[in-house]
Amino acid sequence: MKSPRFENSFVICVISIVLIFGSLAECNLDYLAINCRKHSAVLTDFGGVGDGKTSNTKAFNTAITKLSQYANDGGAQLIVPPGKWLTGSFNLTSHFTLFLQKGAVILGSQDESQWPQLPPLPSYGRGRDAPGPRFSSLIFGTHLTDVIITGNNGTIDGQGSYWWDKFHNKQLKITRPYMIEILYSDQIQISNLTLINSPSWFVHPTYSSNIIIKGLTILAPVDSPNTDGIDPDSSTNVRIEDNYIVSGDDCIAIKSGWDQYGIKFGKPSKQIIIRRLTCISPDSAMIALGSEMSGGIENVRVEDVTAINTESAVRIKSAVGRGGYVKDIFVKGVKLNTILRYVFWLTGSYGDHPDNGFDPKALPKITGIIFRDVIAKNVTVAGQLEGISNDPFTGICISNVTIELSELKKKKKLPWNCTDVSGVTSNVVPKPCDLLSEKKIECPFPTDKLAIEDVQFKTCNIKSSVF
């Protein structure tokens with residue numbers, strides 16, 4: 001199954017010239033983007049070889065360095081033509097578009113020397129796989145403005161099995177690379193691509209703002225470790241829409257730093273909208289908030305989403321020592337088929353800490369959690385809502401929900417398990433736990449728009465030579 005693509009975003013390639021010797025075709029390609037570019041080049045102009053064996057790390061870096069000179073003159077785009085382009089990590093630049101044509105495949109190198117090392121993120125204090133540094137992502141950028149990664153459904157293949165094996169064999173001394181990570185940046189678009197087999201998380205915009213992630217197909221084996229699909233982290237004004245994700249971990253996970261490091265850094269994730277998502281993740285959530293949420297998560301809106309054969313729908317993960325908050329979370333229009341654990345899953349005991357320096361008195365505040373208009377079939381347990389004994393989760397509202405339990409679960413009791421929570425429910429089947437009182441209401445959902453929803457795409461064009 002393919003993800004929905006941009007409306008009218010198909011690429012029309014009109015062959016205007018054909019040279020028999022060399023089979024050169026000059027094409028006009030239209031695509032949608034937040035900004036268009038004045039200058040254009042092809043990876044082969046810089047020595048790129050698309051045979052799947054030759055390293056193109058130098059070609060990518062040389063091309064982007066050269067094209068960066070046009071940042072103040074209308075910007076530039078680098079076209080990756082059909083072929084298999086093996087590369088290590090490379091860095092993007094501002095006012096720049098990386099465009100993958102149909103049939104183009106960027107392959108992540110399995111040579112660790114092709115991956116520079118970076119210090120830990122300041123809001124994490126260490127790498128996620130191991131203390132100390134981490135490998136740079138396959139596609140990396142920092143302190144950028146106006147950067148686009150898009151294409152005509154080209155593919156980025158992280159060739160993650162090498163890294164997954166090292167993880168399973170406990171051979172990692174440095175944290176695995178992500179596929180795409182952009183830090184401290186503004187105006188980011190990642191769209192209309194197929195991403196497969198990331199070494200770890202796929203898309204990780206961090207400390208950034210005004211982000212659109214649209215029309216991605218993200219695929220990883222469902223038993224692959226930590227292959228989160230899209231993880232906005234300490235970022236603001238984020239629009240995630242029309243994506244199809246099959247993952248070994250959470251399809252989407254909103255984050256904002258880890259324990260004392262996230263508290264000190266103090267940058268929340270907020271003003272985020274997620275819509276028209278389809279997720280398959282038997283071992284994780286369709287959408288998770290946390291568990292790294294120490295900088296805070298607020299004003300998240302989720303609508304028109306589907307999960308199939310997935311562990312849970314929307315999950316909030318926190319713990320003693322996290323601090324921070326998760327508040328004003330609004331979810332509506334959810335369709336679920338085969339939920340292997342819980343439809344609603346809130347936990348205050350996700351006790352994974354970066355080191356022993358966390359503050360046990362730093363308690364998370366979880367409040368204003370809204371779910372409405374949910375239909376779920378073949379469910380194991382309706383809800384597992386577990387607050388913290390001296391720090392209850394409050395302001396929960398659940399309305400207009402129909403959950404059909406699996407035949408096995410129908411024979412057992414307790415479709416809901418609730419401790420240290422409070423809130424209200426209305427028109428929910430099966431009947432929720434007594435800690436959520438029954439009240440005839442419709443749980444609220446914001447009617448205003450986030451600023452990122454008003455961002456419009458322009459029709460852009462590339463004119464390139466394709467061999």
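Mentor: A disulfide is a pair of cysteine sulfur atoms within 2.5 Å. The model is predicted, so local features need pLDDT of at least 70 and side-chain atom pairs pLDDT 80 or more, while totals for chains, interfaces and linings use all residues. Residues are numbered from 1 along each chain as its sequence is written, and side-chain values use heavy atoms, without hydrogens and water.

Trainee: In what pattern do the disulfides of the protein chain pair their cysteines?

Mentor: The search of the whole structure finds four disulfides. With bonded cysteines counted along the chain, the pattern is 1-8, 2-3, 4-7, 5-6.

Trainee: How many residues apart in sequence are the parts tied together by Cys-251 and Cys-279?

Mentor: The sulfur atoms of Cys-251 and Cys-279 are 2.1 Å apart. Cys-251 lies in the loop between β21 (236-246) and β22 (252-254) and Cys-279 in strand β23; strands are DSSP runs of E, at least two residues, numbered from the N terminus. The pair therefore ties together parts whose separation in sequence, in residues, is 28.

Trainee: Is the link of Cys-251 and Cys-279 left-handed or right-handed?

Mentor: Both cysteines, Cys-251 and Cys-279, are buried (under 20% relative accessible area, with a 1.4 Å probe and protein chains only). The angle about the S-S bond of this pair is 75 degrees. The link of Cys-251 and Cys-279 is right-handed.

Trainee: What is the torsion about the S-S bond of Cys-397 and Cys-443?

Mentor: Cys-397 and Cys-443 form a disulfide with their sulfur atoms 2.0 Å apart, and both residues are buried. The disulfide of Cys-397 and Cys-443 is left-handed because its torsion about the S-S bond is about -90 degrees.

Trainee: And where in the chain are Cys-397 and Cys-443?

Mentor: The pair links distant parts of the chain, 46 residues apart. Cys-397 is in strand β28 (residues 393-405), and Cys-443 is in the loop between β31 and β32 (458-466).

Trainee: Is the disulfide of Cys-418 and Cys-433 left-handed or right-handed?

Mentor: The S to S distance from Cys-418 to Cys-433 is 1.9 Å, and both of these residues are buried. The torsion about the S-S bond of Cys-418 and Cys-433 is about -80 degrees, so the disulfide is left-handed.

Trainee: How many residues apart are Cys-418 and Cys-433?

Mentor: Cys-418 is in strand β29 (residues 416-419) and Cys-433 in the loop between β30 and β31. The pair links distant parts of the chain, and the separation in residues is 15.

Trainee: Which residue does a cis peptide bond join to Gly-290?

Mentor: Most peptide bonds are trans. The cis bond after Gly-290 has an omega of about 10 degrees. The residue joined to Gly-290, found in the loop between β24 (285-289) and β25, is Ser-291.

Trainee: What is omega for the bond from Val-429 to Pro-430?

Mentor: Pro-430 lies in the loop between β30 (421-429) and β31 (436-438). The peptide bond from Val-429 to Pro-430 is cis, and its omega is near 0 degrees.

Trainee: What is the phi of Asn-210?

Mentor: Most residues other than glycine have a negative phi. Asn-210 lies in strand β19 (residues 209-214) and is partly exposed (between 20% and 50%) with a relative accessible area of 28%. The phi of Asn-210 is positive, near 55 degrees.

Trainee: What is the relative accessibility of Gln-271?

Mentor: Gln-271 lies in strand β23 (residues 269-280) and has a positive phi, near 55 degrees. Gln-271 counts as partly exposed, with a relative accessibility of 27%.

Trainee: How much space lies in the largest cavity?

Mentor: A cavity is a set of points on a 1 Å grid where a 1.4 Å probe fits but cannot get out, and lining residues have an atom within 4 Å of a point. The structure holds two cavities of 30 Å³ or more, volume being the space filled by probe spheres set on the points. The lining of the largest cavity includes Arg-126, Arg-128, Arg-134, Trp-201 and His-204, and divides into four nonpolar, three polar and three charged residues. The space in the largest cavity is about 60 Å³.

Trainee: Which element gives the largest share of the lining of the second largest cavity?

Mentor: The second largest cavity holds about 40 Å³, and its lining has nine nonpolar, no polar and no charged residues. Phe-344, Phe-371 and Val-374 are among the lining residues. The elements that give two or more residues to this lining are β25 (297-317), β26 (325-347) and β27 (365-386). The largest share, five residues, comes from β26.

Definitions and conventions
On a 1 Å grid over the protein atoms alone, a cavity is a set of points where a 1.4 Å probe fits but cannot get out, and a pocket is an open set with protein on both sides within 12 Å along at least five of seven lines; lining residues have an atom within 4 Å of a point. Ala, Val, Leu, Ile, Met, Phe, Trp, Tyr, Cys and Pro count as nonpolar, Asp, Glu, Lys and Arg as charged, and the others, Gly among them, as polar. Helices (H or I, at least four residues) and strands (E, at least two) are DSSP runs, numbered from the N terminus.
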